[in-house]
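Visitor: I would like a close look at a single part of this structure, with its surroundings. Please take one helix and work outwards from there.

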Amino acid sequence: MGQTLLGGLLRAGRDPGEVLVVDRRAGRGQELHERFGVRVVDDVGAVRAARTVLLAVKPQDLPALLDSIAPHLSDDALVVSLAAGVTTAAIEARLRAGTAVVRVMPNTPSLVDEGMAALAAGAACADSQLAEAEDLLRSCGRTVVLAEKHLDAVTALSGSGPAYVFYVVEAMVEAGVLLGLPRATATELVVQTVVGAGAMLRETGQHPTVLREQVTSPAGTTAAALRQLDDSGVRAALVSAVEAAADRSKQLSGG
């Protein structure tokens with residue numbers, strides 16, 4: 001996700017010369033430099049020159065990273081964390097008192113600049129710093145600011161959400177193959193249908209129920225399919241799936 005956001009920032013017009021990447025994995029730094037043109041170092045002390053510090057590591061690696069950068073952060077530094085399940089309070093506890101922290105829950109469509117990121121501000125984060133973090137994340141899609149208590153729901157809905165969509169696409173493609181279509185053709189039909197349906201939702205602003213009803217003729221093919229979905233409990237299963245993801249997110253964050 002860190003590399004995804006880095007690419008988005010540069011596509012949005014950020015000067016590679018203003019971006020410094022700290023990466024201590026052997027060989028990785030050279031790869032990032034060649035691909036993006038940014039300067040890469042392995043000394044965490046380099047963060048002392050940064051106004052905004054983006055943390056893009058696995059949750060289990062975050063405590064050690066915070067301990068290593070804490071002595072080097074400037075007094076006005078903004079720390080933006082992409083680590084899933086790690087609260088702003090937990091991050092603040094390892095940094096100098098008064099450090100501004102923003103916690104972010106992004107998702108994988110950020111890779112194609114169609115991401116959805118939710119942001120929650122820590123106790124010492126000023127409105128201007130939160131706005132700065134939003135601007136950072138908008139380079140890869142859309143953003144929403146929420147109270148931190150909602151981030152488990154965000155994780156379940158938009159964080160895990162692409163997997164639900166891919167799961168449905170898989171099933172639809174398999175149905176097309178079962179009905180005799182070549183797999184490549186079935187895939188193209190389904191993918192464009194999902195892209196088009198998403199565009200209709202976003203561009204028209206209409207409720208999904210209204211758009212669904214526009215496709216559903218009385219006693220028609222769509223009505224027959226939707227009745228089968230309802231009889232199979234698909235709607236209830238999706239709701240339960242999102243609830244299960246939210247519960248797991250709470251477990252992982254210690255909530």
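Guide: What follows starts at helix α5 in this predicted model and moves on to its neighbours and the spaces around them.

Helix α5 covers residues 127-137, and its buried residues are Gln-129, Leu-130, Ala-133, Glu-134, Leu-136 and Leu-137. Viewed along the axis of α5, these buried residues fall within an arc of 160°, so they line one face of the helix. An α-helix has 3.6 residues a turn, so residues three or four places apart point the same way. On the face of α5 turned away from the buried side are Asp-127 and Ser-128, which are exposed.

The buried residues of α5 pack against one helix, α1 (2-11), and against the strands β3 (52-55), β4 (78-81), β5 (100-105), β6 (115-121) and β7 (141-145).

Of these partners, β5 can be followed further. In β5, 6 of the 6 residues are buried, so the strand is largely enclosed by the rest of the structure. In a regular strand the side chains alternate between the two faces of the sheet. For β5, both faces are covered: one side has Ala-100, Val-102 and Val-104, the other has Val-101, Arg-103 and Met-105, and all are buried. The strand pairs with β4 in the parallel sense over 4 bridges, where Val-79 has Val-101 of β5 as its bridge partner. With β6, β5 runs antiparallel, and 4 bridges join the two; here Val-102 stands opposite Ala-121 of β6.

Met-105 of β5 leads to another helix, since Thr-155 touches Met-105, along with Ser-160 and Ser-249, when residues up to four places away in sequence are not counted. Thr-155 belongs to helix α6 (residues 151-159). With a relative accessible area of 16%, Thr-155 is buried, the cut-off being under 20%.

Next come the enclosed and open spaces. There is 1 cavity of 30 Å³ or more, and the largest cavity holds about 60 Å³ of space. Leu-137, one of the buried residues of α5, is in the lining of this cavity, together with Met-1, Leu-5, Pro-106, Ser-110, Gly-115, Met-116, Ala-117, Cys-140, Gly-141 and Arg-142. Both β6 and β7 supply at least two residues of that lining, and β6 gives the most, with 3 residues. By class, the cavity lining has 7 nonpolar, 3 polar and 1 charged residues.

Helix α5 also supplies at least two residues to the lining of the second largest pocket, as do α1, β1 (20-22), α2 (28-36), β3, α3 (62-69) and α6. About 1,700 Å³ of space lies in this pocket. Its lining has 48 residues, and Val-21, Val-22, Leu-54, Leu-55 and Ala-56 lie nearest the centre. The largest share, 5 residues, comes from α1. The lining of the second largest pocket divides into 28 nonpolar, 8 polar and 12 charged residues.

The largest pocket holds about 2,800 Å³ of space. Of the 49 residues lining the largest pocket, Val-165, Val-194, Ala-197, Gly-198 and Leu-201 are the closest to its centre. Elements that each supply at least two residues here include β6, β7 and α6, while the largest share, 11 residues, comes from α8. The lining of the largest pocket has 31 nonpolar, 11 polar and 7 charged residues.

Technical notes: Residues numbered from 1 in each chain as written. Predicted model: local features only at pLDDT ≥ 70, side-chain atom pairs only at ≥ 80, totals over all residues. Heavy atoms only, no water. Buried < 20%, exposed > 50% of the residue type's maximum accessible area, 1.4 Å probe, protein only. Arc of directions from axis to C-beta. Contact = heavy atoms within 4.5 Å. 1 Å grid on protein atoms, 1.4 Å probe; cavity = no way out; pocket = protein on both sides within 12 Å on 5 of 7 lines; lining within 4 Å. Points joined across faces, edges and corners; volume = space filled by probe spheres on them. Nonpolar A, V, L, I, M, F, W, Y, C, P; charged D, E, K, R; others polar. Pairing = 2+ DSSP bridges.
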